[in-house]
Amino acid sequence: MPDKLAEFENLLKDKLSVAPDHLNQEEIESSLVKLKESFIQVLNDNTRMSRTFSALRATINMPDLILDKDWNILGYSDNFVFLHDNIEEYAEKRRNLRGFLKKGDFGKIQSYLKSIEQLRKLPYGKGKRWQLRYKGPNAGDLIDKTWISYSSCKNEHWQIAGEDGNWKIMHRPCLEDTKDSFLIYQDKLGGLETDIKVCCKIKTSSKEEEVRDLSVVLSGAAGKEFPYSDFIGYTACVGANFNKEGGIRRHDTYIATVPEVLAVDTEYSLMFERTGGQLIRRLKNMETGREMTPLEVIDTNIEDPAKNYVGFGACSAAVEIYDIEIYTRESKLSIEQFNIPFDVEVGINNEKLDGRVFKLKLGTNFPGDRALNILLFEDITESKKAEESLRFERSQLLSIFDSIDEIVYVLDPRSYKILYANRFMREFLGRDPVGRFCYEVVKNLDRPCDFCGNENILKHKNLPVRLEIYNPALERYYNITERIIKWPDERDVRLQIATDITSHKRAEEALIKTNTLLDKTLKSLDEGVFLVDPDNHKIIDCNLTFEKLFGYKRDEAVVQSLEILHVSRELYDSFIRRLYAALDKNGVFHTEYRMKRKNGEVFISDLTITEICDDSGARSALVGVIRDITERKKAEEAVKESEEKYRSLFDNMVSAFSYHKILFDADNNPVGSVILEVNDAWEKIIGLKRQAVIGKSVKDLCTDIVDRDFDWDGVVRKVVLNGEKIKFDYYNQSRDQWFSYSCYSPKKGSLAVIFEDITERKKAQSDLERSQEQLRNLTAYLREVREEERTRISREIHDELGQLLTALKIDLSLLGSKLKKDQDPLKEQVKSMSNSIETAVETVQRIARDLRPGLLDELGLVAAIEWETEKFGERTGIACKVSLELEDHGLDRNFSTNVFRIFQEALTNVVRHAGASELKIGLKEVDNELIFQVVDNGRGIPVEKIWDSHSFGLMGIRERARFLGGKAEISCIRNKGTSVIVAIPIMRH
């Protein structure tokens, strides 16, 4: 290296001597110093790489070739000379690797390189939109709840602290303990098929010795399956004074590095993203704005651990982490396309090596600005032969396992991963479980079972273990046989054979359950059960109900003859003859029979005796089942008597009654009914006999019962589907009759119909309605005539009598003015008469106004109501709040008059009955309808008075509103007032 440096300095001096005069000497020297420093760095890197490469060769001890980027051989290891005689010639002539290998084998390397090149061209930035999954930290985050801490340190060093929205995750320094400490976000964020990105800010410590390793974990473990959360997945590390290098690790191996040291007391922004198998780490100094060297790498040997946890790792460092954002998106890239291991086996083009097989390992070095490929050759000829032999033996063994209709599988007891599953297990699960965790496949759990037997079986690896288990996830019982065996890689693995005994266990359970149930059933039966010997007719056994029924204890009844249960010997002998005659015919004997209890009491029994035969067909026992039906017989007699009474009542009903069976279509929808029964009244009203209609559909009897256009099916659907009880009146045109119907469903699938002829009642009702209409019209006419008469009288009083009194007042005034001064008594008399005339004029005006307010005709409804309200308040002292929002221009005169009279009647009711202190009056137009409201705060009209036939005022309000096509609603709350609301369609000229 000193020689190289001296050579470089001499070259610089030569260049400096011929430098143009116009260049600044200081600038030239400064540039040359920088060039010198860079050259020194290159030399150091080359030296370090050479030493590393030499150490690697010495460690691996495998023949290797060094090739340029075009795969021309540049060099070789010393031990390659013993492998290939002409390797020196190949290196000297820079011959290509293609001719060095067997024909076609170089294509395997090219195929691999082509696959790798395709990965670089994938559309990594064309995925779906990123979805924000977490943003924080915040006040709701807690250690060991939102974020789970896992640490091999002696103490926990993570904490979340902050205030006013500025929350941070902090790791306290622990320089005496250099073990890793992880903090993992609690939610699993999909698998490797889900792209993931973490953005955050970090703040380094102000002390240089506390600026140590900090890492971001992507697609890592939750910390439950493995002690380290970055045991799987990827880790982005930042450079620190402890390692002076940043990088990206896969599991525990660096796949990309860069020289890097973080400054003290400095804020950095960090982004770590995984899209498919591409990993990108960006780091920026927020204070200087300088971005550190970005790291970007494509993993060509990606694994899918089915996890996607995110977290942070720290080793002794003091650091603050904040402004964390975690994003995920559904990846458009398949994980499978990134799993391209360099697994190439070749032969060398040399007679001495003919038949030998070599497995290649590929490495790439970058000395200076060029790339060198390093190929290591591992002779696997013997291992291939052993592998073929082992493969043959393994195929035989697997063929045996696959032929077994029982579950056979092998798992690694330390990693919990299934290494092998036979055909039966794969078909049973519906998928191949190899590579998955046993507790996930077998127990449907996300962590090892609490009762896992891995540790126990490893302790007793030389002994087989047999046990019976129940798997709740599969809902199956198994007999398990398992033991430790050696796997091809010399691992101790767990072989397990599981025999499904579910059917056997369930048969056992069913038998036990059946026996228990049979015993409980016999004890709980309301019927007496007993066994009889068919040869001597002696009782063998009986249940508790038998004991209660006859009064014999079991010990008393057993070995006694059946004769003890019979009233007499003669009846017993007859019973035995009939019993065997029935058994010989069909194996069963049934009768209702009088039997005797222990106390001599006789009762009526329902008795069934069945024979039990052995395999040869011979009778081995008789089973008797007996019930006391004495009360039932009495009840049947009572029911028979009741039915006779019912039939009498049914046939003598005044109303017609019919009972129907509902008809259903294929979709179980009711579509009609069939008549099952009718009474005498039905026959009389309809005119059809019972025998002619029973079993017939209503549709078949149309015009006799209902018209054809009547929706009888709709009635049936409402009653049957909705459970409604329907009442309606129906006019049968074909019969010119009115009927009142009541339909209901007494039970599912049935319909009861009660109806009566109401033709005369309908006619009377029609006559009454017509009479009421005539009376209402007459009332309206009289009201109108009276209103016209009042208007005429009001006008005549106002115009004629008013004018006469006014003229009289004028004449009297003239007369008074002609009296002499000495006629004071006469002047006083004239003045008194003038006052009387004035009072008479006011009285005339009041009478005319009460008969017909002039404002109503002259200024309209609104002005008349305002004037009437003002006078009402002055007269009664009741405070009135008025809201009149009606345009009364062009209102019909009769309409305005009736509304005003309703208003006057409402005010009259307030004065007479309310005892109110406040009155609210409202008038407005809504959708061409006049809404008129009068509400007081008085004592309230009693409810019974609202519809009292003697409440003429309220009746008048309702009748006037009805006459105008509207309605009036009168309501009250006791001691809180009365409300009168009138709604009438507006009538205009």
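In this predicted model, Phe 530 stands opposite Cys 542 of strand S27. That pair belongs to the contact between S26 and S27, two antiparallel strands joined by three bridges. Six residues lie between the strands of this hairpin, and among them is a backbone detail worth a look: His 537 adopts a positive phi near 60 degrees. Strand S26 itself, spanning residues 528–532, is mostly covered, with four of its five residues buried. S26 also pairs with S30, again in the antiparallel sense, over five bridges. Within that pairing, Val 532 has Leu 622 of S30 as its bridge partner.

These contacts are part of a wider arrangement. Five strands make up an open sheet with antiparallel pairing, and their order is S27-S26-S30-S29-S28. The edges are taken by S27 (539–542) and S28 (588–596); each has a single partner strand, so one side of each is left without a neighbour in the sheet. From one strand to the next, the twist averages 25 degrees. Nine bridges hold the antiparallel pairing of S29 (residues 602–613) with S30 (residues 619–628), and here Ser 605 finds its bridge partner in Asp 628 of S30. Helix H14, residues 569–586, packs on this sheet and touches S28, S29 and S30, its direction making about 165 degrees with that of S28.

Helix H14 also brings the description to the surface, since Leu 571 is found in it. With a relative accessible area of 41%, Leu 571 is partly exposed. Together with Val 567 and Val 602, Leu 571 makes a nonpolar surface patch of about 200 Å².

Earlier in the chain comes another open sheet of five strands, ordered S22-S21-S25-S24-S23 and paired in the antiparallel sense. Its edge strands are S22 (418–421) and S23 (465–471), and because each has a single partner strand, one side of each is left without a neighbour in the sheet. The twist in this sheet averages 25 degrees from one strand to the next. Strand S21 (residues 407–411) pairs with strand S25 (residues 492–500) over five bridges, in the antiparallel sense; the bridge partner of Ile 407 in S25 is Ala 498. A helix packs on this sheet too: H11 (residues 502–524) touches S23, S24 (476–486) and S25, and its direction makes about 140 degrees with that of S24.

Conventions
Residues are numbered from 1 along each chain as its sequence is written. This is a predicted model: local features need pLDDT of at least 70, side-chain atom pairs count only at pLDDT 80 or more; totals for chains, interfaces and linings use all residues. Side-chain values use heavy atoms; hydrogens and water are left out. Two strands pair if DSSP finds at least two bridges between them. Axes are lines fitted to C-alpha atoms, for helices over the stretch in contact, and angles run from 0 to 180 degrees between N-to-C directions. Contact means heavy atoms within 4.5 Å. Patches are made of residues with over 30% relative accessible area and no salt bridge: like charges are joined within 9 Å, nonpolar side chains (Val, Leu, Ile, Met, Phe, Trp, Tyr) within 5 Å. Accessible areas come from the Shrake-Rupley method with a 1.4 Å probe; for residues, only the protein chains shown count as cover. A salt bridge is a side-chain nitrogen of Lys or Arg within 4 Å of a carboxyl oxygen of Asp or Glu. Buried means under 20% relative accessible area, exposed over 50%, partly exposed in between (1.4 Å probe, protein chains only).
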